[in-house]
Amino acid sequence: MARLPLIATAVLALGNTVLGATCGSAGYDPANYVCWQNQFLCPITAGEPLSYCAGACYTKFMYKCANNVLTLLPSTDYSTPFTLTVSNPSLPAIDGKPVTAGGQHWSIGGVTSSYCPVAQVGSACPPGNITAIVAGAGGAAMDVMVPGGQGVYLRPDWNVGYTQAHSAYIPPGSLTTGFGAYVGGGFVNLNGNGWPWVACPPTASGGGGGVWNLVAKNSTNAASLNLCTPVNLKINPLPQGTYGAWQYT
Ligand SMILES: *[C@@H]1O[C@H](CO)[C@@H](O)[C@H](O)[C@H]1NC(C)=O
Ligand SMILES: *[C@@H]1O[C@H](CO)[C@@H](O)[C@H](O)[C@H]1NC(C)=O
């Protein structure tokens, strides 16, 4: 199961092969599927057993099912900042770890890198030790106080970058839209037609220090990311008016 069901996927109908468990009369592999109501099979993606709603499987990072109707969760707007944590219960090494900003780049489980001109800003400086984001209408930005803000974009290598303070520069070929951010759900990359975020383990050569990289998968980079694992990014809302940092560095 390479692709996230950004659009709810149809329920799988399998044959009668016994694969370790049965769902009604069908055999299935419980490592890869979950059986609902003893008759509907949904895949497990990014460690999330997809939920079932009136003939469709769906991810709770994007949808909800009310009275047997599947609907998108409401989108966030720029007034509600949030942090992101990685979710993939089958990958305990990083499940629950925060997305962290540093070097104009998002990582997983790193140390947030920020700056505040204390001489000018004084006690209004936020601690700057969490990575907070705001998102709305397909775009996203770092949750910062610095005038001009810091925009979030997919770099040409489909890692997540953000602009430097006091600069609007974005590398040519970057994507600044196509992000979905859902209240009570997750932060989703809608560019690339439904592929998931993946977490790539620290490389031996790069040192790494336990810091994993976050990459948006797509049809062309999928093969080169075969050592990386699909993850969801869970939105953890912060009180309105909270700033993550003066600026992220
Ligand atoms: C950030 O710093 C503040 C103030 O020093 C502290 O109260 C808080 O626990 C820290 N948070 C994290 C996530 O380290
Ligand atoms: C997929 O991502 C790679 C970078 O990893 C980028 O070069 C490529 O253009 C992207 N493919 C599509 C179809 O957008």
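This is a short chat about a small sheet and a ligand site in a predicted model.

Visitor: Let's start with the sheet. In which senses can strands of a sheet pair?

Guide: Strands pair through backbone hydrogen bonds, and the pairing is either parallel or antiparallel. Here, three strands form an open sheet in the order S4-S5-S6, and the pairing is antiparallel.

Visitor: Which strands stand at the edges, and why does one side of each lack a neighbour?

Guide: Those are S4 (33–36) and S6 (48–49); each has a single partner strand, so one side of each has no neighbour in the sheet.

Visitor: How many bridges join S4 and S5?

Guide: Four bridges, in the antiparallel sense, link S4 with S5, which spans residues 40–45. For one you can look up, take Val34: its bridge partner in S5 is Cys42.

Visitor: On to the ligand. Which residues are around ligand 2?

Guide: You'll find Pro156, Asp157 and Trp158, along with Asn218, Thr220 and Asn221. By type, that shell has three polar residues, two nonpolar and one charged.

Visitor: What polar contacts should I look for there?

Guide: With N or O pairs counted within 3.5 Å, start at Thr220, where an N or O atom of the side chain is 2.6 Å from a nitrogen atom of ligand 2. Asn221 also uses its side chain: a polar atom there lies 3.0 Å from an oxygen atom of the ligand. At Asp157, a polar backbone atom is 3.3 Å from an oxygen atom of ligand 2.

Visitor: And how much of ligand 2 does the protein cover?

Guide: On its own, ligand 2 has 360 Å² of accessible area, and the protein covers 56% of that.

Technical notes: Residues are numbered from 1 along each chain as its sequence is written. Chains are lettered from A and ligands numbered from 1 in the order in which they are written. This is a predicted model: local features need pLDDT of at least 70, side-chain atom pairs count only at pLDDT 80 or more; totals for chains, interfaces and linings use all residues. Side-chain values use heavy atoms; hydrogens and water are left out. A residue is near a molecule or strand if one of its heavy atoms lies within 4 Å of it. A polar contact is a pair of N or O atoms within 3.5 Å; within protein, one must be able to donate a hydrogen and the other to accept it, and residues adjacent in sequence count only if both atoms are side-chain atoms. Accessible areas come from the Shrake-Rupley method with a 1.4 Å probe; for residues, only the protein chains shown count as cover. Ala, Val, Leu, Ile, Met, Phe, Trp, Tyr, Cys and Pro count as nonpolar, Asp, Glu, Lys and Arg as charged, and the others, Gly among them, as polar. Two strands pair if DSSP finds at least two bridges between them. Helices (H or I, at least four residues) and strands (E, at least two) are DSSP runs, numbered from the N terminus.
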